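The following exercises are to be worked through with the sequence and the coordinates at hand. Each task is followed by a solution in steps.

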Amino acid sequence: MDEFIKLLHKDYELVQYQMKDKAIIFHIQSSRKELACPFCGSKSMRTHSVYEREIQDLPIQEKKVILLVTTRKMFCDNPQCQHTTFAEVHPFAAPKAQKTDRLVKNILHTSAQLSSLNASKLLKSGHITVCKSSICSLLKKMPAIVDKSSITKVCVDDFALRKRFFYGTVMIDLEREVGCSTNG
Ligand SMILES: [Zn+2]
């Protein structure tokens, strides 16, 4: 199982794992001794305290995957720095995020082709838990795929990918008569 964690990031190791009915829980930690302060960049080896962060990752063998990541709060010893402590940053997830970057990418890929509600249902059937509102906020953070700044007239319509199950939304630029975006 340690190989799975090395695929996530080479500096992380498996402490233990638990197989549950519908989920696999991996307790993992970083093997890095020194951590860089994200505010000033200076390195620190002094630990203030330790806590666990729960981060959802891509499913394995049709089971939801939860990473319980040991996260250190460190002292920053740089007297010039505005912060006396900082939290360990994990390279596979944004600070405070509840999902890994690769899971977010997967959710966005699915959601770009479906409405948020249907994407949420489809992902749930694939053992990824994400609610409709989380998908909406992830999509809002995503950079625009199409430059819509010059578009003045649009037509918005729904269409069925599979009637009564999956619907998408299409936006048509009426002046150029081309589709400019499809998502929910
Ligand atoms: Zn600092």
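**Exercise 1. Surroundings of Val69 and the cores**

Determine which residues are in contact with Val69, leaving aside its neighbours within four places in sequence, and place Val69 in a nonpolar core.

Solution. Step 1: the model is a predicted one. With neighbours within four places in sequence set aside, Val69 is in contact with Ile28, Glu52, Arg53, Ile55 and His90.

Step 2: Val69 belongs to the largest nonpolar core, whose ten residues are Ile5, Leu8, Tyr12, Phe26, Ile28, Ile55, Val65, Leu67, Val69 and Ala93. Two or more residues of this core come from each of helix H1 (2-8), strand E2 (23-30) and E6. The largest share, three residues, is that of E6.

Step 3: another core lies apart from this one; it has nine residues, including Leu103, Ile107, Leu123 and Val130.

**Exercise 2. Overall composition**

State how many helices and strands the protein has, and in which pattern they follow one another.

Solution. Step 1: there are four helices and ten strands. Step 2: along the sequence, their pattern is α-β-β-β-β-β-β-β-α-α-α-β-β-β.

Step 3: the protein has 184 residues, of which 18% count as buried. Step 4: among contacts with a separation of 6 or more, 47% are between residues 24 or more positions apart.

**Exercise 3. Two hairpins**

Describe the pairing of strand E1 with E2 and that of strand E5 with strand E6, giving the sense and the number of bridges.

Solution. Step 1: E1 (residues 12-19) and E2 run antiparallel and are joined by seven bridges. Within this pair, Tyr17 stands opposite Phe26 of E2. Three residues lie between the two strands of the hairpin.

Step 2: E5 (residues 47-60) and E6 (residues 63-75) also form an antiparallel pair, with eleven bridges between them. Gln56 has Ile66 in E6 as its bridge partner. Two residues lie between the strands of this hairpin.

Step 3: a general point applies to both pairs. In a regular strand, side chains alternate between the two faces of the sheet.

**Exercise 4. Positive phi values**

Which phi values do Gln61 and Lys96 take, and are these residues buried or exposed?

Solution. Step 1: as a rule, most residues other than glycine have a negative phi.

Step 2: Gln61, in the loop between E5 and E6, has a positive phi near 50° although it is not glycine. Gln61 has 8 other C-beta atoms within 10 Å; exposure requires 12 or fewer, so Gln61 is exposed.

Step 3: Lys96, in the loop between strand E7 (85-87) and helix H2 (101-111), has a positive phi near 65° and is likewise a residue other than glycine. The same cut-off applies: with 7 other C-beta atoms within 10 Å, Lys96 is exposed.

Step 4: His127, just after H3, also takes a positive phi, of about 70°. In helix H3 itself (residues 116-125), Ser116, Asn118, Ala119, Ser120 and Leu123 are buried.

**Exercise 5. Packing of H2 and H4**

Find the angle at which H2 and helix H4 pack, and identify the residues that make the contact.

Solution. Step 1: H2 and H4 (residues 132-141) pack at an angle of about 95°, and their axes are 10 Å apart. Step 2: angles of 65 to 115 degrees count as roughly perpendicular, and H2 and H4 are therefore roughly perpendicular to each other.

Step 3: H2 contributes Val104, Ile107, Leu108 and Ser111 to the contact, and H4 contributes Ile135, Leu138 and Leu139. Step 4: sorted by class, the contact contains six nonpolar residues, one polar residue and no charged residues.

**Exercise 6. Loop residues and distant partners**

For Ser31 and Glu62, give the loop in which each lies and the C-alpha distance to Glu13 and Lys22, respectively.

Solution. Step 1: Ser31 lies in the loop between E2 and strand E3 (35-36). Ser31 counts as exposed, with 9 C-beta neighbours inside 10 Å. Ser31 and Glu13 are 18 residues apart in sequence, and their C-alpha atoms are 6.7 Å apart. Leaving aside neighbours within four places in sequence, Ser31 is in contact with Asp11, Tyr12 and Glu13.

Step 2: Glu62 lies in the loop between E5 and E6 and counts as exposed, with 9 C-beta neighbours inside 10 Å. Glu62 and Lys22 are 40 residues apart in sequence and 8.1 Å apart in space, C-alpha to C-alpha.

Technical notes:
Residues numbered from 1 in each chain as written. Predicted model: local features only at pLDDT ≥ 70, side-chain atom pairs only at ≥ 80, totals over all residues. Buried ≥ 20, exposed ≤ 12 C-beta atoms within 10 Å, placed from the backbone. Contact = placed C-beta atoms within 7 Å. Pairing = 2+ DSSP bridges. Core = buried A, V, L, I, M, F, W, Y, C linked by C-beta atoms within 7 Å. Axes fitted to C-alpha atoms, helices over the stretch in contact; angles between N-to-C directions. Parallel < 35°, antiparallel > 145°, perpendicular 65-115°, else oblique. Nonpolar A, V, L, I, M, F, W, Y, C, P; charged D, E, K, R; others polar.
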